[in-house]
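Trainee: I'm new to this one. Could you show it to me and let me ask a few things?

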Amino acid sequence: MMMPQDPKSQLETLKRGTIDIVREEELLEKLQRSYRENRPLRVKLGLDPTAPDIHIGNAIPLQKLKKFQELGHQAVLIIGDYTALVGDPAGVNKTRPMLSREEVMANAKTYLQQVGKILDLSRTEIVYNSQWFEEMGFSEILRLTSKMTVARMLERDDFSQRYATGTPISLHEFLYPLMQGYDSVMVRSDVELGGTDQLFSLLVGRDLQRDFGQEPQVALTTPLLEGIDGNKKMSKSLCNYIGITEEPAQIFGKAMSIKDDLMKKYFVLATDVDDGRIDELLAHGVHPRQAKAELARAIVRRYWGEEAASLAAQEFDRVFKAHELPEQIQEVIIPRGELKDGRLWMVRLLILAGFATTNSDARRLITQGGVHLDGKEVTDPKADIEVTPGMILKVGRRRFARVVVKD
RNA sequence: GGGGAGAUACCCGAGUGGCCAAAGGGGACAGACUGUAAAUCUGUUGGCGAAGUCCUUCGGAGGUUCGAAUCCUCCUCUCCCCA
């Protein structure tokens, strides 16, 4: 446990990398009271286990929660196993499919393991919101819904846009912010964290707490991080994310693939590198590649430690600068029955290796010059190649496999 | 309850009897280049051992026609207006 810091400096620390604080004076007051009375603030973060992986985008509020935790406050993690059934409509342009109970529970389990990479779970209060929603009767739901108006819901950008473009909005989606707000009532939170797209729900939490005679929570939001494609929000469904449990080499490579312009944002939001160093790296005169490599290292370091980070960096240089083979190469197992006189159709090999899904797909790769065997380009899609054990298949710039024959 | 509009490939979206395996964009993949899985440029983007007057694909099921994404009937889903 850290020594409690004075409230003003706590506020400064906590403000880094935030968008909205509603309201800052209230936060300061709460921090001061907490300091005076030696009573930690209850800081809530809701996680909806809608996908199996946490990525560095949704880790941003988690990192903020960690900051609170380090300052001695009480982290309250809500596993939204019930809200996940609805699916957060924020920033989404269509209704999400409702998940099954089983999917949600399976995701919740992997979430906690992953969260452990960030938070100190032994000092975190973990609550499932099914605890209260499961029990809730229809009359209580009615009471809750009466606190929200349709006009207010439609003020929200995502809903009004969907409404304007004729994209369906299901009624149950309106319930989402209310549910999230009710969570705040149930855990009596002092502060709630979330991405900027959560602001509305966080404010609903304030209203509900007031209605239930509690002091309203402070809403604190963090920026959304663009995905590695550089334009859309990082998300699982767009496949533009860096998962925090991904292999170091993967994380490193994905980080290297972001646009130069995005480096600053990634540095601030996804690493622990301090501001001074960031400015130095992004100053003119420093080669962008070097800055990006440092960024990639810092991201890997955060989740896998220093050693993994430098190994990943070395590996990346080996493969993409020196054009050598990676250290670890996956094996493709060719059943002996596939061979005819020790030979195999090149197209077939690509499919067995999982580098192509259909013959046409494989042919395409070959004719486009993307296929190499032991460093030699294969140009003929009709080629029957002689399979020698241990030969290296390379497709594109970064997919490798070692060929193994088995009975 | 009444009236209208719509559903096209991974996504968005054009196409209203044959020239349609279907424009365009996005994404993805491959190549060139280099600073790298940046940027830029080029190409590819249903399947079949590549070949054919071939097979499957335009929400689903039938029908009309020599021929259907396109016309007709029914069904499913969505949106809008009126009540």
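Trainee: How do the residues of the surface near RNA strand B divide into nonpolar, polar and charged?

Mentor: Keep in mind that this is a predicted model. The surface near RNA strand B has 35 residues around it, with Gly166, Gly253, Ser257, Gly370 and Gly396 coming nearest. Split by type, they come to eight nonpolar, twelve polar and 15 charged.

Trainee: And which helix gives the largest share of that surface?

Mentor: Four helices each supply at least two residues there: H12 (248-256), H15 (288-304), H16 (306-321) and H18 (359-367). The largest share is six residues, and it comes from H18.

Trainee: How far apart are the C-alpha centres of domain 1 and domain 3?

Mentor: Chain A is assigned domain 1 (7-222), domain 2 (248-321) and domain 3 (331-406). Between the C-alpha centres of domain 1 and domain 3, the distance is 49 Å.

Trainee: Let's look at strand E6. Are its faces covered or open?

Mentor: In a regular strand, side chains alternate between the two faces of the sheet. In E6 (residues 218-222), five of the five residues are buried. Val218, Leu220 and Thr222 sit on one side, Ala219 and Thr221 on the other, so to speak a full set: both faces are covered.

Trainee: Which residue of E6 is the bridge partner of Val22?

Mentor: Strand E1 (residues 21-22) runs antiparallel to E6, with two bridges joining them. Val22 has as its partner in E6 Ala219.

Trainee: What is the handedness of the crossover from E5 to E6?

Mentor: E5 (residues 191-195) pairs with E6 in the parallel sense over five bridges. The chain gets from E5 to E6 through helix H11 (residues 199-211), and this β-α-β crossover is right-handed.

Technical notes
Residues are numbered from 1 along each chain as its sequence is written. Chains are lettered from A and ligands numbered from 1 in the order in which they are written. This is a predicted model: local features need pLDDT of at least 70, side-chain atom pairs count only at pLDDT 80 or more; totals for chains, interfaces and linings use all residues. A residue is buried if 20 or more other C-beta atoms lie within 10 Å of its own, exposed if 12 or fewer, and partly exposed in between; C-beta atoms are placed from the backbone. Two strands pair if DSSP finds at least two bridges between them. A crossover is right-handed if, with the strands pointing away from the viewer, the path from the first strand over the helix to the second runs clockwise. Domain bounds come from an automatic or database domain assignment. A residue is near a molecule or strand if its C-beta atom, placed from the backbone, lies within 6 Å of it. Ala, Val, Leu, Ile, Met, Phe, Trp, Tyr, Cys and Pro count as nonpolar, Asp, Glu, Lys and Arg as charged, and the others, Gly among them, as polar.
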